Amino acid sequence: MLATAFFPRYRARFRNLLLGTVIIVALLTAATFYYVTMPVSVDAAWQYTEIASDLPNISAVQTDAKGHIYALLEEKTGQGELRLLHDGIHTQVLGGLDKPDGMIVDGDDLIISEEAGKGRLIRFTPSNQQVVNLAILQSAEGIAMESDGDLLVVEDRNPGSLLSVSKSGSVTTLLAGLNKAEGVCTSISGRIYIAEKATGRILLLDNGKKSILINGLHKPGVVICGLADELWITEDKTNSGRLMHYSNNRLTTIARHLHNPQGISFDAGGRLLLAEQGRGRILAFTRKN
């Protein structure tokens, strides 16, 4: 009689436990699906379009002087590549790269960094496929060019440094003790801005003096300089990354719910191009009329 009363009660509790587990799993699945597929939201003054897709692990996008769009794919162990995008067609123009990350345009050339432990900083000329190794660096990411043609590179490691690479290939440390810096840019006035991902800060280096310009960001990965010391910044977060604009001591969010946004650049038409790594695509942002 005791066993008869016990087992039905046990089965009821088990059913309730199982039902609760199923409900929790369903809610978590639904929340995860919504989190992953949440669309990008933009400020009312802006709009965006998708101009390219099927770009796995895209890390950077640039437009050369002729209007050609290049996408850098951040694959490891020699699988990284540079693609030329034209009329919906992707053409590999450079392969064999080891975790390529940063990219800037210099005339008809592209400067590319490899984030590998002993990665290359290279100059690539698309017209003749020439590759020139400029330096071997540790965990190199963001690149910028100074007015004299020397290159600035930040290291994505802790501790890392801001490096200067001369035309002759000599490497000089300008600032040490950085914590996983990923982005760097120089303004018209000569100021240097650094995105320090691990600390959520944008640092300012002005005449050799370091200060904190912006604090409290979430994994800032890329910073580019505009006119009059304005900045454009991305946060490398999964589906909650932002595209931001900083000017006159004011930080404005242009877009939210980006999926691991990476490199940004402007094309000849003034569009802001953004490499959205998590969705393998390029977005073009423009102001509304």
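**Exercise 1. Confidence.** Find where pLDDT stays under 50 in this predicted model, and state how many contacts beyond four places in sequence the model has there.

*Solution.*
- Locate the stretch: pLDDT stays under 50 over residues 26-35.
- Count its contacts beyond four places in sequence: the model has 3.
- Set this against the whole protein: the average pLDDT is 90, and 87% of the residues score at least 70.

**Exercise 2. A hairpin.** Describe how strand β9 is joined to strand β10, and examine the turn.

*Solution.*
- Take the strands: β9 covers residues 119-125 and β10 covers residues 130-137.
- Determine direction and pairing: the two run antiparallel, joined by 7 bridges.
- Pick one pair: Ile122 has Asn133 in β10 as its bridge partner.
- Inspect the connection: 4 residues lie between the strands of this hairpin.
- Check phi in the turn: Gln129 has a positive value of about 65°.

**Exercise 3. The disulfide.** Identify the disulfide, give its handedness, and explain what the pair ties together.

*Solution.*
- Count first: the structure holds 1 disulfide.
- Name the partners: Cys185 is joined to Cys225, with an S to S distance of 2.1 Å.
- Read the torsion: 70° about the S-S bond, a right-handed link of Cys185 and Cys225.
- Place the ends: Cys185 sits in strand β15 (residues 181-186), Cys225 in strand β19 (residues 220-225). The pair therefore ties together parts that are 40 residues apart in sequence.
- Classify accessibility, with buried meaning under 20%. Cys185 has 5% relative accessibility, so Cys185 counts as buried. Cys225 has 22%, so Cys225 counts as partly exposed.

Technical notes
Residues are numbered from 1 along each chain as its sequence is written. This is a predicted model: local features need pLDDT of at least 70, side-chain atom pairs count only at pLDDT 80 or more; totals for chains, interfaces and linings use all residues. Side-chain values use heavy atoms; hydrogens and water are left out. Two strands pair if DSSP finds at least two bridges between them. A disulfide is a pair of cysteine sulfur atoms within 2.5 Å. Buried means under 20% relative accessible area, exposed over 50%, partly exposed in between (1.4 Å probe, protein chains only). pLDDT is the predictor's confidence in each residue, from 0 to 100. Contact means heavy atoms within 4.5 Å.
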